[in-house]
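Load the model in your viewer and keep the selection panel open. The stops below say what to select next and what is there.

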Amino acid sequence: MTDHETPTTAPDADDPTTPTSENEPVAERAEDEIQGPAPATEPPPPDHPYDAAYYAHYYTRGGPDLPYERTPEWLGFFGQVAERIVAEIAPATALDVGCAHSFLVESLRDRGVDAKGFDISEFAISQAREDLRPHVWVGSLLDPIPGHYDLVTCIEVLEHVEDRDAATAIANLCAVTDDVVFTSSPDDYREETHVNVRALEYWSELFARQGMVRDIGFDGSFLTWWAARFRRRRDPWPRVIGEYERHLWRLEVEAHHRNTMVIEQMREIQRLAHEEVAPAVSETPLPEAVVTEAVSETPLPEAVVTEAVSETPLPEAVVAEPFASGVADEEEWTRLEEMGLALARTIADRVDQTLTEVDARLSERIDKALAEVDARQRERTDQVVMQLAHRRRTGVRHYIRTHTPLWFRRLVMRGVHLIWWSLTLQLPRRLRERRDQLSDAGARVLASPPSAGELVPTAPDVGDTINERLRLFEAVATYVSLSSRRSVSVLTGDLGAAGLRGGVGAAVMIGALVAERTETHLRLVTRARRADAARVAELLEQNGLEVPLDMEVIHVPPASGDSLPVAAGDAFLTTSWRETRALLAGVRADRVIQVVEDDERERYGLGDDRLGCAETLSDPNQRLLIYGHTLFTELSEGKDPLPGLAARAAWFEPAFPAALYHDDPSRRGGSEKRSFLLCVDSPSSERLYGRALKAVAQALEDGTLNDVEWRFTFLGSGLEPIRLPGAGVPTILDDLAVRAYADVLRSTDLALSLTGTAHSGLAAARLVASGAVVVCGVRETLRPLDEEMGNVILSGSSLASLSRSLAVGTALARDESSRAANCARLNLERDWRASLEAAVKRCAEWMQS
Amino acid sequence: MFTDARCEPVAYLDPWCASYEERLRALGRRSRHVAYVYERPESSSFRYRVFNMIEALEAAPALGISASWFTQKDLRGDLAFVDRADAIIICRTRYDHDLARLVAKARARGTRLIFDIDDLVFDPEYVHVVTHTLDMTQPSDDEWNYWFGYVSRIGAAMRCCDSVITTTAPLAERVRDYAPDRSVTVLPNFLNRRQCELSQRLLGRKREGGYRREEPTMVGYFSGSPTHNRDLLVASPGLAQILKRHLDVALRVVGYIQLNDLLEPFRHRIQVMGMQDFVNLQRTIAEVEVNIVPLQNNVFTNCKSELKYFEAGAVGVPTVASPTAPLAGVITHGVNGFLSRTHEWEGRIAEALDMLQRDPTVYEGMADRAAEDSLSRFGWNRQARRIEAAVFGPG
């Protein structure tokens, strides 16, 4: 019997049934065979091995406490055993041999099985639930068992029965049933009452002698992993052997497959170790850092020595006394000299001792810190540790040499000078000698060997640096598939809500229409996070477009090893220069079409990123689809034009489906507060979030906006809660589905939208289309963002300009009739299909070229 | 879960255990003799493409066809079965010395050689697609060698044969691309007798009990091998939403499958069961309310057969499936199951569950139609003439 700690596997709940002669009288047992079991009448001897103490401690040996008592754990365990027995065997009658406290009998009876049980231990039987008493009795498995049962269970009992009696016990079991669920511990030799621990083959043989054969299809793992079911078989032996063989074959096949899987998993682990653990190690604090930290936490030698010195009477005090008393004869000078030397020696010794202690403490800390470095780092750290070992040996002295000689020299010199200057000129030579000795003593402590073993940081490979710096690892791995269907892929980092509201959403819509026109299929390829196709479908449907029949979702994280099949004639739509460049590692430039929502170059300074961005966008083979004619003009004719744009770029104006973007005065006004929206919507734009906040704060301070009339909402990704002066914390919205987003826009009275780059300003345009008044930057370039449209207030980015614009905006927002009239005058394109027609046609032509 | 479908596990032993002599004798019992060759007996392709075929032919004595199976191991022997066979069907077996010997002998005797293939694993052009579909992110050199070797050898064996039998029309197209001068016949997979019998018994119990159910409502994914991780991922966003919104719904996953990040939070409501033998698999399917068959959308998956539909249909469980060509060919959306595009999984599963809750009779009608369709079109006793036509027909 194993000492199972919890009943998740079979607890060794059952009572052993070792033979005793003290059990029921033969006459009573004979009667039982006719009338059923009789209650126990004869108590076991006082030294019965299976008494209360046995049950109290049996299950606690070798594991956590779980005494065999009426606990929820044991009842739960036997409850689920009974469940399985009922579900899988469905006996009408059952007998639990060695039933102990009769928990299984109880659980079976509670589930409608006419279950009985017996046990050798009167104590155990006495613990049975009151209503079970007629159904359980004290008895021995070595005596004939009364009755006949559909099922006999014998759970962890026979390992308590001597080998010589095992056959009798099995014969008795088999005499009353054709079906036995059986477990007996195969490997627990620790329990002293386990006198017959055997593998299952031993029991199978004994059962076979009774005509009972193991049911090899039975899964008894709900009891123990070694549980078995034996059923009476009348088939010829060859057939039984055949079945065993077939089972054996299946297990061999399974073992083979499992081995194969293990090998695959080992390879995977190797791969992970190579690809993921190594980078993880590189991110773990290096031992150098650990040591630095350890050193920083150790009292500096300076402090230590200062403390040491402070505890030593200073020479000043020593020499001051003879001065004060006017005694300054030869003898006294000699005494003072010796005292000075002794002091210097004391200081030196103490410093030496203290530094030794510091060294030891530092070593201990470093050792401890190194021990905390994860084993994954071990290989990498070994080399560093070697260097550190040297540093540890030399480091303290080195530290002192480089950090402390000045103060130490001052300290020593101070004492010597006192003696020298304050006492007498007769002792200069001696004092100099002593000073020299003192210096030597200090030098013994402080002198550092040459720093030949200085740690030289491992220099990264130039390729790694270039890779990291230029983010070459982001390249999309592709493979040419001659057999794949042609497709239009939208490649982006993430198809989250914010992206779909802006340029990514436009790319998806263009992709869907191009796929439809070219009879190819649409692929949504993401790098950061797997796309939610349902969200994309909603975008298309809400914008009045059909969802392609076979839209495919592909997730290709950078450096994941995943690769993307590319067929001849495929096209890719990207939404940033980084994605474009990532694709160019494996796709022809003229197959990549970037949807441009702003002048990305303006997001960067003059470093590598700007250069990479400018080169990518200027590539003469690079196709661009530009959001709005104004932005197209800016990019083709502005101050920093992209070369050859007319030949390789097309532009499109957005559409504003009426179902989403329309003026709905009923959503505003009334007794409710007006809605102010700070729109920092597009994460792809360079936000002027700080300036916008300042403008709002100023408007609150000067009363242009206030908490009484306005409620404040911020819309954008990654915004943190922030307290506005006198207006509390605004509501922050981000992860909105298309319809919910449109609802927010329609309920807005006044909005502020600022971007730093030349930008499409799509969010601002949608706000205008939804009846809001919008204060926006002059760099937002979409056509509806024209002051002639009435509800648009173009503002400079200075605070004064923003302040004026917000004042005008609040007044206009209150003027419902003017707003409504302005909105009604808008002549907006409502159909994406129409607005994208030219761009889609151009894309299709590019695909055909 | 359907309470009446719950029953004791069925004793199962692989039924393909006859000795070579027994199999050789079985080949010669009738007037026409078909020898099936497979690498070694197992429970997937061998069962569908060899065992089930032989069983169907054996049950149609009027056709006068006896059939038997032989393994690669048998090919190392005297090849006596070649002497007795009128047609030899080489099923998904890789080219090697022994197979070459078999082919040579069959050719010398003028015996018809047919290749049977049930997956797109014969044309090296698709190896990368296959490895990707099977969730091999970055195959090792050995794995590349294995897959190119495997596929090329299957292709070589195919080209040794006169004609080809496949499971689906798209797969037949791919065969025509690869071996343009071979005639190709489509012979779908189907259920064998034990599957049908147990399925009918379980279905009968469900019907008699009025499709009685208890919580939880179970959605089932019966994957088979761990190579379906990417397939499960297709439905995972929708499944996660379903599990999030319907607290009474649980997921049963059968086979070696790794729960992905989307499903992991619901692990406590996901019942993961090990591989089942093909008989008990029917039992585990019968208990669930909705069967799902998500598949990636590529050339490999579009060649896969309809078997996941009819295995569930046979026990009265409607399927929500990706609309690959074969599955779209057998599932009429809203009639005997549901087709779900990539973005529709949540909606389609919800639709099925809603139907179950709101109007069980509609659900039962769908379940009955799926059962009727599965057992009539894919039942073991309806196939013999189709097999005969594929083997002995013109071509």
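**Stop 1: the sheet of chain B**

Select strand S1 (residues 32–38) and strand S3 (residues 87–91) of chain B: the two run parallel and are joined by 4 bridges. Helices (H or I, at least four residues) and strands (E, at least two) are DSSP runs, numbered from the N terminus. Two strands pair if DSSP finds at least two bridges between them. Within this pair, Val34(B) stands opposite Ala87(B) in S3(B).

Before going on, note that this is a predicted model, in which local features need pLDDT of at least 70 and side-chain atom pairs count only at pLDDT 80 or more, while totals for chains, interfaces and linings use all residues. Residues are numbered from 1 along each chain as its sequence is written, chains are lettered from A and ligands numbered from 1 in the order in which they are written, and side-chain values use heavy atoms, with hydrogens and water left out.

Now widen the selection to the whole sheet. It is an open sheet of 6 strands in the order S2-S1-S3-S4-S5-S6 (chain B), with parallel pairing. Its edges are strand S2 (65–71) and strand S6 (183–186) of chain B, each of which pairs on one side only. On average, neighbouring strands are turned by 25° against each other, direction ignored. For such angles, axes are lines fitted to C-alpha atoms, for helices over the stretch in contact, and angles run from 0 to 180 degrees between N-to-C directions.

Add helix H2 (residues 45–58) of chain B, which packs on the sheet and touches S1, S2, S3, strand S4 (112–117) and strand S5 (163–166) of chain B. Contact means heavy atoms within 4.5 Å. The direction of H2 makes about 155° with that of S2(B). Then add helix H16 (residues 384–392) of chain B, which touches S1, S2, S3, S4, S5 and S6 of chain B, at about 85° to the direction of S1(B).

**Stop 2: a cis peptide bond in chain B**

Select Glu215(B) and Pro216(B): the peptide bond that joins them is cis, with omega about 0°. Pro216(B) is in the loop between helix H9 (193–208) and strand S7 (217–224) of chain B.

**Stop 3: where chain A meets chain B**

Show both chains. How many residues does the contact take from chain A and from chain B? There are 36 residues from chain A and 28 residues from chain B. The area buried between them is about 3,000 Å², of which carbon and sulfur atoms give 53%. Buried area is the accessible area (1.4 Å probe) that two parts lose on being put together, summed over both.

The interface of chain A and chain B has 2 salt bridges (a side-chain nitrogen of Lys or Arg within 4 Å of a carboxyl oxygen of Asp or Glu). Select Arg229(A) and Glu8(B) for one of them; the closest N and O atoms are 3.3 Å apart.

On the side of chain A that touches chain B, helix H3 (72–88), strand S7 (228–232), helix H8 (237–283), helix H19 (533–542) and strand S11 (552–555) of chain A each supply at least two residues. H8(A) gives the most, with 10 residues.

**Stop 4: around S7 of chain A**

Stay with S7(A) and add S5(A): 4 bridges join the two, which run antiparallel. Here Val181(A) stands opposite Arg229(A), the residue that forms the salt bridge with Glu8(B). Strand S6 (residues 212–214) of chain A also runs antiparallel to S7(A), with 3 bridges, and Arg214(A) stands opposite Phe230(A).

Next select Arg198(A) and Asp163(A), a salt bridge with the closest N and O atoms 3.4 Å apart. Arg198(A) is in the loop between strand S5 (179–183) and helix H7 (200–209) of chain A, and Asp163(A) is in helix H6 (residues 163–175) of chain A, 35 residues apart.

**Stop 5: the sheet of chain A**

Select the open sheet of 6 strands in the order S19-S18-S17-S20-S21-S22 (chain A), with parallel pairing. Strand S19 (731–733) and strand S22 (792–795) of chain A are the edge strands. Neighbouring strands are turned by 20° against each other on average, direction ignored.

Inside the sheet, 4 bridges join strand S20 (residues 750–753) to strand S21 (residues 773–777) of chain A, and the bridge partner of Leu752(A) is Val775(A). Finish with helix H24 (residues 689–701) of chain A, which lies across strand S17 (674–680), strand S18 (710–716) and S20 of chain A and runs at about 160° to S17(A).
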